[in-house]
Structures are given as structure tokens and as C-alpha cells.
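Student: I would like to learn how to read a structure feature by feature. Could we start with one loop residue and work outwards?

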Amino acid sequence: MHKRLMLITFAAAAVLGICLIIFALPEKQEAGNGNTAAIPNAPVNATAAETTYKSNCVSCHGTDLQGKIGPNLTKIGAKLSKEQIDAKILKGGGVMPSFEGRLSAEEVANLAKWLSDKT
Ligand code: HEC
């Protein structure tokens, strides 16, 4: 009786494991490809960038990018490249927190692109 129960549990775990491998792997690969492609190719989605900005950056950089605890970003595109802004968001620095792991690579890339247009 006990053996049969263990066998069933084992079989269920094996099926679950196979399902996980089948479904999780391609998704991860896609995300990886998306990450590298997101920076140079994707067009700016201003609405999404503003939403990300509002929920993550407003408290320090102000409602109109005018600056508060953090510096004014209204002309940040004239000072920093898209890649530099991207890195700044990911790494943070000083008082600014790192957003790595809190925002997706796509969100960061889109936000960086949107900000780099502010010149
Ligand atoms: C807790 C406050 C805080 C939050 C939240 C914050 N920042 Fe900052 N940010 C700062 C501070 C302070 C600096 C200046 C210090 C530094 O450059 O290391 C800064 C610097 C920057 C710079 C470089 C500015 C320059 O002139 O060199 C950029 C770009 C930037 N932040 C973008 C963002 C974005 C985009 C977000 C939201 C995803 C964000 N920050 C969220 C505080 C914050």
C-alpha cells in the first residue's frame, strides 16, 4: 500500500518535472533574446515609460522630471546616452536605488529610451 502511494507520488513529480522543463525552458530563452534585442530595436512606448516613471521615479525626480531628491531629468538626453541612462537605472548609485530585478529589462530599456529623447 505504502509502496503504491510512493510510486504514484513519484510519477506525479516526474510528470510535473517534465512539464516544467518543457514549458519553462522556451520561455526563458525568449526572455533572454528579448532582453538583448530590446535596447537597440524596440520603438519607444511613451505611455508605458510614463507609467513606469510615475510608479518608480516620481518620488525623487518629480512629477515633471523637474528634480527633487534626485537631479532634474528634463534634459537628461543631452547629458547621458540611452545606454548610460539604462545602466544608471539598473545600478542606481548614491541615494538612487538599483532597479535591477524590480523592473524588467524591457521596462528599463523603454524608460531609458524615453528619457534619452529629453534634450
Ligand atoms: C530614492 C530616490 C530616487 C529614486 C526612486 C530614483 N532616483 Fe534617479 N537619482 C537619484 C539621485 C539622488 C541621483 C543622483 C545621484 C547619482 O547620480 O548617483 C539620481 C540620478 C539619476 C540619473 C542620472 C542623472 C544625472 O544627471 O546624471 C538618472 C538618469 C536617474 N536618476 C533616473 C532615474 C529613473 C529613471 C528612476 C526610476 C526608475 C529613478 N532615477 C529613481 C535618486 C533617485
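Tutor: Yes, with the reminder that this is a predicted model. Start with Gln-66: its relative accessibility is 41%, so Gln-66 counts as partly exposed. The residue sits in the loop between helix 3 and helix 4.

Student: Which residues is Gln-66 in contact with, leaving aside its neighbours within four places in sequence?

Tutor: Contact here means heavy atoms within 4.5 Å. On that basis Gln-66 is in contact with His-61, Asn-72 and Thr-74, once neighbours within four places are left aside.

Student: Is His-61 buried or exposed?

Tutor: The cut-off for buried is under 20% relative accessible area. His-61 has 9% relative accessibility and therefore counts as buried. His-61 belongs to helix 3. Not counting residues up to four places away in sequence, His-61 touches Tyr-53, Gln-66, Gly-67, Lys-68, Gly-70, Pro-71, Leu-73 and Met-96.

Student: What about the loop that holds Gln-66: where does Leu-65 lie, and what is notable about its phi?

Tutor: Leu-65 lies in the loop between helix 3 (58–61) and helix 4 (76–79). Its phi is near 65°, a positive value in a residue other than glycine. Leu-65 has a relative accessible area of 8%, so this residue is buried, whereas Gln-66 is partly exposed.

Student: How many residues surround the ligand, and which are the closest?

Tutor: To count a residue as near the ligand, one of its heavy atoms must lie within 4 Å of it. There are 21 residues around the ligand, and the closest are Cys-57, Cys-60, His-61, Lys-88 and Met-96. Met-96 is also one of the residues that His-61 touches.

Student: Which ligand atom is 2.7 Å from an N or O atom in the side chain of His-61?

Tutor: For polar contacts, look at pairs of N or O atoms within 3.5 Å. A nitrogen atom of the ligand is 2.7 Å from such an atom in the side chain of His-61. Two lysines pair with ligand oxygen instead. An N or O atom in the side chain of Lys-79 is 2.7 Å from an oxygen atom of the ligand. For Lys-88, a polar side-chain atom lies 2.6 Å from an oxygen atom of the ligand.

Student: Stepping back, how many helices and strands does the protein have?

Tutor: Six helices and zero strands. Read from the N terminus on, the elements run α-α-α-α-α-α. Of the 119 residues in the protein, buried residues make up 25%. Among contacts with a separation of 6 or more, 58% come from residues 24 or more positions apart.

Student: How do I read the packing of two helices, and at what angle do helix 2 and helix 6 pack?

Tutor: Take the angle between the axes, then the distance between them. Helix 2 (residues 46–56) and helix 6 (residues 105–116) pack at an angle of about 100°, and their axes are 9 Å apart. Angles of 65 to 115 degrees count as roughly perpendicular, and helix 2 and helix 6 are therefore roughly perpendicular to each other.

Student: Which residues in helix 2 and helix 6 meet?

Tutor: From helix 2 come Ala-46, Ala-48, Ala-49, Glu-50, Thr-52 and Tyr-53, and these meet Glu-107, Asn-110, Leu-111 and Trp-114 in helix 6. The residues of this contact divide into six nonpolar, two polar and two charged. Tyr-53 is also touched by His-61.

Student: Helix 6 also holds Lys-113. Is Lys-113 buried or exposed?

Tutor: Its relative accessibility is 12%, so Lys-113 counts as buried. To find what a residue faces across the chain, compare sequence separation with C-alpha distance. Lys-113 and Asp-86 are 27 residues apart along the chain, yet their C-alpha atoms are separated by 8.1 Å.

Student: Where does Asp-117 lie, and how far is its C-alpha atom from that of Ile-76?

Tutor: Asp-117 lies in the segment after helix 6. The separation from Ile-76 is 8.2 Å between C-alpha atoms, with their positions 41 residues apart along the chain. The cut-off for exposed is over 50%, so Asp-117, at 54% relative accessibility, counts as exposed.

Key. Residues are numbered from 1 along each chain as its sequence is written. This is a predicted model: local features need pLDDT of at least 70, side-chain atom pairs count only at pLDDT 80 or more; totals for chains, interfaces and linings use all residues. Side-chain values use heavy atoms; hydrogens and water are left out. Axes are lines fitted to C-alpha atoms, for helices over the stretch in contact, and angles run from 0 to 180 degrees between N-to-C directions. Helices (H or I, at least four residues) and strands (E, at least two) are DSSP runs, numbered from the N terminus. Angles under 35 degrees count as roughly parallel, over 145 as roughly antiparallel, 65 to 115 as roughly perpendicular and the rest as oblique. Ala, Val, Leu, Ile, Met, Phe, Trp, Tyr, Cys and Pro count as nonpolar, Asp, Glu, Lys and Arg as charged, and the others, Gly among them, as polar. A polar contact is a pair of N or O atoms within 3.5 Å; within protein, one must be able to donate a hydrogen and the other to accept it, and residues adjacent in sequence count only if both atoms are side-chain atoms. Buried means under 20% relative accessible area, exposed over 50%, partly exposed in between (1.4 Å probe, protein chains only).
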